[in-house]
Amino acid sequence: MSIAYKEAEHEGEGWKGKSSMPSLPEVHQSMRVPKKAGFMRKLLAFVGPGYLVAVGYMDPGNWATDLAGGSKFGYTLLSVILISNLMAILLQALAGRLGIVTGRDLAQACRDHYSKPVSFALWILCELAIAACDLAEVIGAAIALNLLFGIPLIYGVILTSIDVLLVLMLQKRGFRYIEAMVISLMALITFCFVMELIFSQPDFAAVAAGFIPTTEIVTNPAMLYIALGILGATVMPHNLYLHSSIVQTRKIEPTIQGKREAIKFATIDSTIALMLALFVNAAILILSAAAFHSAGKEVAEIQDAYHLLGPMLGTGAASVLFAVALLASGQNSTLTGTLAGQIVMEGFLNIRLSPWLRRLITRMIAIIPAVIVIGIYGESGATDLLILSQVILSLQLSFAVIPLVKFTSDRKKMGELITPKWMIVLSWIVAVLIAALNAYLLYSTFFGN
């Protein structure tokens with residue numbers, strides 16, 4: 001057991017129990033941080049975890065809401081994407097702080113704070129959220145394989161299971177290989193959307209105006225509903241568990257100063273990565289607005305967007321790039337989703353499963369319902385599953401956000417590295433706002449007209 005972990009285990013008196021194992025033990029503190037180095041060299045040592053987190057903010061579950069928002073309302077809802085992303089930046093900074101200061105990921109922190117029944121209930125909710133998120137990613141990747149290569153959806157879903165082997169292969173070689181692959185796929189997605197924006201030639205003055213919030217978003221019920229969908233699909237609960245764990249892959253100095261420095265660089269890493277996610281989400285909406293809204297076409301289906309993009313933009317490359325980005329997005333998200341599944345099960349239950357078994361369980365939970373529904377209902381069933389997955393994520397979100405804000409605001413747990421007061425106030429505002437908006441979204445989904 002490392003010196004840093006021992007210190008984290010014993011510091012603070014705010015926990016009911018002691019953390020018995022480090023998070024992701026096979027890669028815990030496996031990456032060295034240079035002690036005497038300049039700002040850029042140290043920053044590069046911390047670059048990586050933020051990008052694994054960022055992929056969750058551009059997964060296929062976000063695409064439908066962005067496409068619908070752009071095709072129906074033009075550039076107006078860009079402000080909602082911006083606000084959602086700023087919320088995500090704040091919450092991910094808290095998740096990184098929790099992991100670095102306490103030596104616990106969010107799942108372990110919940111287990112060490114709450115009673116066993118409460119902790120067990122939180123685990124079940126979190127497993128449902130991960131399965132729902134995984135479901136969206138599996139279906140998104142399968143849709144991309146279908147669009148690009150004509151592979152039937154049901155076979156595409158099964159093919160996505162190979163990522164279990166890929167994660168294991170990369171993790172055995174070192175966590176840096178996983179980070180490198182994720183960053184490479186993110187670069188591919190970014191390139192695809194840069195080209196899409198060039199093809200679509202959006203009105204950049206209107207784009208700039210779209211980032212300014214308007215009262216119409218609240219007063220127009222149809223616009224508000226999609227805005228809430230964007231909010232609900234943007235902040236992913238499993239990312240909070242993931243980030244609080246993978247920041248601990250860096251071997252930092254087990255001192256207050258060492259942890260303070262790690263918090264700074266981890267926050268910079270996640271903020272830059274999430275700004276890239278902001279670009280991708282905004283690009284999807286801008287593309288939809290430029291290609292479809294201006295032509296008076298409303299598009300919510302990913303498949304419809306693919307088939308319409310080429311003819312409307314005058315180049316078949318637009319459709320191909322769209323599908324390639326979707327495939328990269330789905331595969332990237334499944335890589336990080338399987339890691340989150342391992343973190344959550346080990347953290348809440350304090351048990352250790354073989355990584356291949358844990359990832360196989362996570363993947364099967366997503367693949368089995370997807371295969372059954374697609375086999376019975378076809379492509380329309382896949383779309384309904386995507387919508388259902390986002391509703392389940394909305395249900396679970398507050399059960400991750402509120403404990404995170406609570407723990408990082410507690411001086412007994414965080415010591416002198418407690419979150420600054422201005423961040424605490426903002427965090428509680430965001431937590432309450434997310435809870436209220438998601439409650440409204442769920443009410444509208446089940447009881448709205």
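Which residue just after α2 takes a positive phi? In this predicted model that residue is G48, with a phi of about 145°. Residues are numbered from 1 along each chain as its sequence is written, and because the model is predicted, local features need pLDDT of at least 70, side-chain atom pairs count only at pLDDT 80 or more, and totals for chains, interfaces and linings use all residues. Side-chain values use heavy atoms, with hydrogens and water left out.

**View A. The buried and exposed faces of helix α2 (residues 39-46).** K42, L43, A45 and F46 of this helix (a DSSP run of H or I with at least four residues, strands being E runs of at least two, numbered from the N terminus) are buried, that is, under 20% relative accessible area with a 1.4 Å probe and protein chains only. They cover an arc of only 155° around the axis, taken from the directions from the helix axis to the C-beta atoms, and therefore lie on the same side of α2. The face turned away from that buried side carries R41 and L44, which are exposed (over 50%).

**View B. The surroundings of the buried residues of α2.** These residues pack against β1 (31-32), α3 (49-54), α10 (175-200), β2 (250-251) and α15 (256-291), where contact means heavy atoms within 4.5 Å.

**View C. The crossing of helix α5 (residues 78-102) with helix α14 (residues 237-246).** The two axes, lines fitted to C-alpha atoms over the stretch in contact, with angles from 0 to 180 degrees between N-to-C directions, come within 7 Å and cross at roughly 40°. That makes α5 oblique to α14, oblique being what is left when angles under 35 degrees count as roughly parallel, over 145 as roughly antiparallel and 65 to 115 as roughly perpendicular. The contact is made by L91, Q92, A95, G96 and G99 of α5 together with N239, L240, H243 and S244 of α14.
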